[in-house]
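Got the model open in your viewer? Let's walk through it one selection at a time.

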Amino acid sequence: MANTYNRLGWKKLDDLNDIELQLKTIQKMCDFGNQECVKTARAFYDRWLKENEPLPNNFKSVIYETVAKFGTDQDWQQLFDLAVKESPSEKLRMLRGLTATRNYNLLKRLLYLTGDDKVVRRQDETSLIITIAGNPVARQMVVDYLDERWDYFIDRYGSLSFTLPNVVEAAFSKLNTEFELQRVREFLRKHPNLAVTRNAFNQALENINLNKRWMDTNLKRIVEWLRERNEPQQINYRLPSNIKPTLYELEIQPFIGTQYGADSFTFRGQMMMYLSCEMPTNQIIFHAAGLSIFGEQLKIVSSDSNVQI
């Protein structure tokens, strides 16, 4: 794939087969995080913003996806703000690009906005949900969302023979664990009114059982095969000892309940951390798994006016 990418690059091509191969290659290389591919997509995006240089039409989707996936939260918000001002077709393309983010909270926010007619047209709602369901970060999120709003979906789409079954297939058919299988069965017990989705759920259950059986049969062997071919890496999760915390002042605001929409069951907060620097350093390392930290709100100050930061 790298050779194909180097040969075709991002240049303008005339042969339709080469154009299709070029686009698929760029999509994969950027999705895999190839640095040159991500850098090129970002350069196109920045020139569009700063110099009003039009994006190449063939590459618009992959550029949006790359910015959403590898950019900052501020990049994501900026692209969202631009999307809501666009024509319906371009807005949908940009919103689909935004679904590539790896930020759980941003993805959840977008999922809840799919039901807002002021943001997403009714005819685009299920299409966008299907795209969100394709992001591994959203696998359980979309199931929970459908569980929470199933009556709404039945009322709105229950008489359409293809729309809702497609959503069910996208949300459920890739699940592959016993826990997820039981989760789907609980969903079906809770929502007996399946309308036109009954066959889709039956097919989803069959797929989940097949996926689970495949995982049970092959996962252990695959893990062992990978371990045999890679030196095990010892990951040290302990923080460096040159900087020691001495005091924490923590303020947390939880959002518990569905009335908070996309912010439900999340929290916001602020923290003052007092540190003792045992030796000179040019970096401070924190544990921040699962947290979104806003860089512009992060400040480091010294209690000693003679110390330069």
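Before you click anything, a word on burial: a residue is called buried under 20% relative accessible area, exposed over 50%, and partly exposed in between, using a 1.4 Å probe and protein chains only. This is a predicted model, where local features need pLDDT of at least 70 and side-chain atom pairs count only at pLDDT 80 or more, while totals for chains, interfaces and linings use all residues. Residues are numbered from 1 along each chain as its sequence is written, and side-chain values use heavy atoms, with hydrogens and water left out.

**The whole chain**

Start with a cartoon view. You should see 13 helices and two strands. Helices (H or I, at least four residues) and strands (E, at least two) are DSSP runs, numbered from the N terminus. Of the 309 residues in the chain, 35% are buried. Contact here means heavy atoms within 4.5 Å. Among the chain's contacts with a separation of 6 or more, 65% are between residues 24 or more positions apart.

**Stop 1: H6 and H8**

Select residues 88–98 (helix H6) and 122–133 (helix H8); they pack at an angle of about 25°, with axes 9 Å apart. Those axes are lines fitted to C-alpha atoms, for helices over the stretch in contact, and angles run from 0 to 180 degrees between N-to-C directions. Angles under 35 degrees count as roughly parallel, over 145 as roughly antiparallel, 65 to 115 as roughly perpendicular and the rest as oblique. H6 and H8 are therefore roughly parallel to each other. The crossing of H6 past H8 is right-handed, meaning that the near helix is turned clockwise from the far one by less than a right angle (anticlockwise would be left-handed).

Now show side chains. H6 brings Leu92, Leu95 and Arg96 to the contact, and H8 brings Asp124, Ser127, Leu128 and Thr131. By class, that contact has three nonpolar, two polar and two charged residues. For the classes, Ala, Val, Leu, Ile, Met, Phe, Trp, Tyr, Cys and Pro count as nonpolar, Asp, Glu, Lys and Arg as charged, and the others, Gly among them, as polar.

While you're on H6, click Arg93. With a relative accessible area of 24%, Arg93 is partly exposed. Leaving aside neighbours within four places in sequence, Arg93 touches Asn57, Lys60, Ser61 and Tyr64.

**Stop 2: Glu125 and H10**

Stay on H8 and pick Glu125. Is Glu125 buried or exposed? At 0% relative accessibility, it counts as buried. Beyond its neighbours within four places in sequence, Glu125 is in contact with Thr114, Gly115, Val120, Tyr152, Phe153, Arg156 and Tyr157.

Next, select helix H10 (residues 150–157), where Trp150, Phe153, Ile154, Arg156 and Tyr157 are buried. The buried residues of H10 pack against H8, H9, helix H11 (163–172), H12 and H13.

**Stop 3: H7 and H9**

Select helix H7 (residues 104–113) along with H9: the two pack at an angle of about 35°, axes 11 Å apart. H7 also passes H9 in a right-handed crossing. Look for Tyr104, Leu107, Lys108, Leu111 and Tyr112 in H7 meeting Met141, Val142, Tyr145 and Glu148 in H9. This contact has seven nonpolar, no polar and two charged residues.

**Stop 4: salt bridges**

Side chains of opposite charge can pair when their charged atoms come close. Counting a salt bridge as a side-chain nitrogen of Lys or Arg within 4 Å of a carboxyl oxygen of Asp or Glu, the whole structure has 17.

Zoom in on Asp147 and Arg183, which meet in a salt bridge at 3.3 Å, N to O. This pair links distant parts of the chain, with Asp147 in helix H9 (residues 139–148) and Arg183 in helix H12 (residues 178–190), 36 residues apart. Both Asp147 and Arg183 are buried. Add Asp144 and Lys190 to the selection: together with Asp147 and Arg183, they are linked in a network of salt bridges.

Then try Lys212 and Glu178, whose closest N and O atoms are 3.5 Å apart in a salt bridge. Lys212 sits in helix H13 (residues 198–229) and Glu178 in helix H12, 34 residues apart. Lys212 counts as buried at 19% relative accessibility, while Glu178 is partly exposed at 39%.

Last, pick Glu186 and Arg189, another salt bridge, with the closest N and O atoms 3.1 Å apart. Being three residues apart in helix H12, Glu186 and Arg189 are separated by about one helical turn. Glu186 is partly exposed at 39% relative accessibility, and Arg189 is exposed at 56%.
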